[in-house]
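Here are a few exercises to work through with the model open in your viewer. Try each one yourself before reading the solution.

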Amino acid sequence: MMGSVKVREPRPVRGLRAVLLLVVCSLVLTCSALGQDLVGVYLTWKGDPATTMTVNWVDLFEGSSRTVWYRRQGTTEWLSAEGTHTRAGVSTLQVRRVELTGLAPDTSYEFGIGKPPAKETDGWRFRTMPGSLSRPVRFVSGGDMMHSREMVDAMNRRAGALDPDFAMLGGDLAYANGVAATRWVDWLQSWMKNSMGKDRRIIPFVIGIGNHEVKGGYNGRVPDDAPFFYSLFATPEGRSNYVLDFGQYLSVIALDSGHTQPIDGAQADWLGETLAKRPGQQFLFGFYHYPAYGTTKAPKGGLPYDARQSVAIRASWIPHFERYGVTALFENDHHNFKRTHRLRNHKRDDENGLLFLGDGAWGVQPREVPSPEVGWWLAKAEPRNHLFHVELRADGTATIEAVDVKGVVFDRVDLTKPRTRPVGN
Ligand SMILES: [Fe+2]
Ligand SMILES: [Fe+2]
């Protein structure tokens with residue numbers, strides 16, 4: 001015999017419950033409007049890093065505010081600026097973006113989203129770059145960031161503790177493969193929470209594209225095969241290859257190692273023209289994802305640098321860098337630490353060769369590196385998570401340190417001149 005089971009019919013919402021529902025709904029809307037349920041806030045540049053700042057943020061609310069409130073630190077009056085609103089690819093992530101212009105160089109600003117922050121912990125700070133090397137400028141560089149949330153959190157905290165002026169991120173950020181939006185939620189949350197500098201200052205970043213930003217990894221269509229890269233990040237020229245000039249003391253060139261643009265052809269021509277216009281820039285770095293002089297992924301019967309992409313980069317890009325001179329090139333993708341010997345014409349050239357640093361091991365499991373007998377191009381290599389910490393000084397000297405997740409500086413390069421000598425002009 002069956003026991004008696006009482007099924008309660010759902011009752012209409014009314015009276016007190018309806019009021020409670022209204023309160024909850026309005027709280028949700030208010031929270032979203034105040035930016036209290038953000039997925040992430042991040043800073044990038046489309047224009048001059050001394051006088052502009054692009055404030056980006058992501059949440060899940062269609063109707064939340066597009067307004068940034070900001071003021072120069074030490075002043076009382078808040079200014080506001082209205083931004084754009086798009087969605088990240090076909091996901092429900094809502095992307096808002098405001099480019100602030102007319103800012104003072106090397107100056108701290110407070111900012112908030114939706115309304116002026118009532119207290120310090122409601123908002124954040126940013127700092128514009130100096131217009132000249134009136135003080136040393138520091139940045140961190142790395143890529144291949146998030147095999148797991150724990151790993152990216154740990155290295156992001158290391159980046160924040162160094163309190164650099166900006167970060168240079170060379171692709172394979174969230175490992176979303178153009179599809180997994182929730183991995184971007186983790187990446188954005190981790191960046192906002194862990195990489196913060198002193199006094200709630202958000203560290204701006206310059207960004208490059210990697211194979212894990214793209215459906216299929218290589219030869220992707222713009223923007224459809226890399227929907228998150230192209231919607232989350234506004235680059236200076238709206239492309240995956242671009243140049244950013246910091247006064248006359250620094251230029252940073254981002255390149256696309258075959259993910260959404262061919263390595264050769266138009267991109268290589270653009271690189272040559274871009275370098276030709278910048279002989280007066282004191283420091284100049286290139287960064288891209290797939291390495292010209294890697295540490296793993298050797299094709300059958302070959303060495304890592306025999307990979308198709310590496311061969312193409314050495315044919316199309318490296319001669320331009322050799323011709324015009326460069327401070328160093330940051331490479332990624334191989335998940336190891338490496339510093340090459342100085343190389344020119346595919347040979348060791350201690351006097352005027354290029355320096356390649358890599359290989360993208362921010363928050364991923366490292367791989368194996370070649371033995372010293374095999375890896376003639378490598379001055380030092382080991383499977384170790386790290387970021388590079390770079391300091392540039394007005395006298396043309398620079399220091400590049402490799403820092404592991406515990407903060408141990410395990411490699412250091414002291415540059416006595418800012419760029420390799422131009423050859424063949
Ligand atoms: Fe990669
Ligand atoms: Fe990777």
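Strands are DSSP runs (E, at least two residues), numbered from the N terminus, and two strands pair if DSSP finds at least two bridges between them. This is a predicted model, where local features need pLDDT of at least 70, side-chain atom pairs count only at pLDDT 80 or more, and totals for chains, interfaces and linings use all residues. Residues are numbered from 1 along each chain as its sequence is written, and chains are lettered from A and ligands numbered from 1 in the order in which they are written.

**Exercise 1.** Find the partner that stands opposite Ile253 in S14.

Solution. Start with the two strands: S13 (residues 250-254) and S14 (residues 283-287) run parallel, joined by five bridges. Now go to Ile253 and look across: Gly286 is what you hit.

**Exercise 2.** Work out the strand order of the open sheet, then pick its edges.

Solution. Walking across the seven strands gives S12-S13-S14-S15-S19-S16-S20, with mixed pairing. The edges are S12 (242-246) and S20 (378-382), as each pairs on one side only.

**Exercise 3.** Is Gly74 buried or exposed?

Solution. First locate Gly74: the loop between S3 (67-72) and S4 (79-82). Next, count C-beta atoms, placed from the backbone, within 10 Å: 20 or more others means buried, 12 or fewer exposed, in between partly exposed. Gly74 has 8 such neighbours, so it's exposed. As an extra, Gly74 and Phe246 sit 172 residues apart in sequence and 25 Å apart in space, C-alpha to C-alpha.

Methods. Helix = DSSP H or I, 4+ residues; strand = E, 2+ residues; numbered from the N terminus.
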